[in-house]
Amino acid sequence: MKIRFDFIIHWLWTIVFSLLALSGIAMVGPRYGWVLNYDIGAADISHRVLAAVFVILTFISIGYEVIRAIRNDTSSQAWFVIGSGGYQLFTYITTLIFIITGAIIWICMDANMAATAFALYVHEKLTYIVILSVIWHIYMKCHALVWPKKVQQGKSKTMK
Amino acid sequence: MMQKPWFKIIIWLITISFFFLATAIIISSLAPSPDEDKSMLYMSGMMNAMDSSLMGLSMSMESDIYLKTIVKKASDFTLPFILYSMAAALLVKLRRSQIDR
């Protein structure tokens, strides 16, 4: 069984993003702490570790697209998370904003409070927008949720 | 792959997690203001995070001059690399558009 690279990246990305969102939302404030039972320490560690994985996945994806561009490979990558149009472009732009604001929050936390506050605001509001967009994306691709039908041998023989 | 039952279960779990996230945001944002107990729970959680997590590590990094030097050198090396990559990507894009013409 051959599994496509874009397919693997898509689902790895999805799992990492859902865990990032879960740990991130728990840290937004006292209203949201219940999501992880106010275990902010665990949320913080998992958010930072997963953020590193997320950045690595992003750079792998960008590198893959650059190699494809150099090779003039115009084949369709239906599962790929980044691309030049539609939801792929939206994901690409939002991912870059997430990474930049995340880096600002991480680096400037002790040095520049204004930059940290602005980055936190953008990071938080963008999370809400992206989660809503993912719900829309699931709705558009809901055929993936349909359970596979069992092929009855007797029935298939009669069909023949 | 997409037709395998175990993979369908994973997709369903991921879908449920996103719906949970969306509903958690809606419930939390529409909920009444947190009481003192919840605020204290959150604050103590943040204090635990300061002590035991990477946040505490990053705080201690501030006082570690040697580590700060390494981080500065690493970023000095990485930033030009990112800029070169962006320039290379732009060149490739221009070259591709020329080939398409």
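Colleague: What percentage of the 101 residues of chain B count as buried?

Modeller: This is a predicted model, and the answer is computed from its atoms. A residue counts as buried when its relative accessible area is under 20%. Among the 101 residues of chain B, the share that meets this criterion is 20%.

Colleague: What percentage of the residues of chain A count as buried?

Modeller: The same question may be put to chain A, with its 160 residues. The cut-off is again a relative accessible area under 20%. For chain A, the buried share is 39%.

Colleague: What is the radius of gyration of chain B, and how does it relate to the globule rule?

Modeller: Chain B contains four helices and zero strands. For 101 residues the globule rule gives 13 Å, and the value for chain B is well over this, so chain B is more spread out than a compact globule. Its C-alpha atoms fill a box of roughly 65 × 55 × 30 Å along the principal axes. The radius of gyration of chain B is 24 Å.

Colleague: How far apart are the centres of domain 1 and domain 3 of chain B?

Modeller: The domain assignment divides chain B into domain 1 (1-31), domain 2 (34-62) and domain 3 (64-101). The centres of domain 1 and domain 3 of chain B are taken over C-alpha atoms. The separation between them is 36 Å.

Colleague: What is the radius of gyration of chain A?

Modeller: The elements of chain A run α-α-α-α-α from the N terminus on. Its C-alpha atoms fill a box of roughly 70 × 45 × 25 Å, taken along the principal axes. A compact globule of 160 residues would have a radius of gyration near 15 Å, whereas the value for chain A is 20 Å.

Colleague: Which residue of chain A helps to make the nonpolar surface patch with residues of chain B?

Modeller: The patch covers about 530 Å². Chain B contributes B:I9, B:W12, B:L13 and B:I16. The participant from chain A lies in the loop between α4 (113-140) and α5 (153-159) of that chain. This residue is A:W147.

Colleague: Why is A:W147 classed as partly exposed?

Modeller: A residue is buried under 20% relative accessible area and exposed over 50%, so a value in between makes it partly exposed. A:W147 falls in this middle class because its relative accessible area is 44%.

Key: Residues are numbered from 1 along each chain as its sequence is written. Chains are lettered from A and ligands numbered from 1 in the order in which they are written. This is a predicted model: local features need pLDDT of at least 70, side-chain atom pairs count only at pLDDT 80 or more; totals for chains, interfaces and linings use all residues. Side-chain values use heavy atoms; hydrogens and water are left out. Patches are made of residues with over 30% relative accessible area and no salt bridge: like charges are joined within 9 Å, nonpolar side chains (Val, Leu, Ile, Met, Phe, Trp, Tyr) within 5 Å. Accessible areas come from the Shrake-Rupley method with a 1.4 Å probe; for residues, only the protein chains shown count as cover. A salt bridge is a side-chain nitrogen of Lys or Arg within 4 Å of a carboxyl oxygen of Asp or Glu. Helices (H or I, at least four residues) and strands (E, at least two) are DSSP runs, numbered from the N terminus. Buried means under 20% relative accessible area, exposed over 50%, partly exposed in between (1.4 Å probe, protein chains only). The radius of gyration is taken over C-alpha atoms; the globule rule is 2.2 Å times the number of residues to the power 0.38. Domain bounds come from an automatic or database domain assignment.
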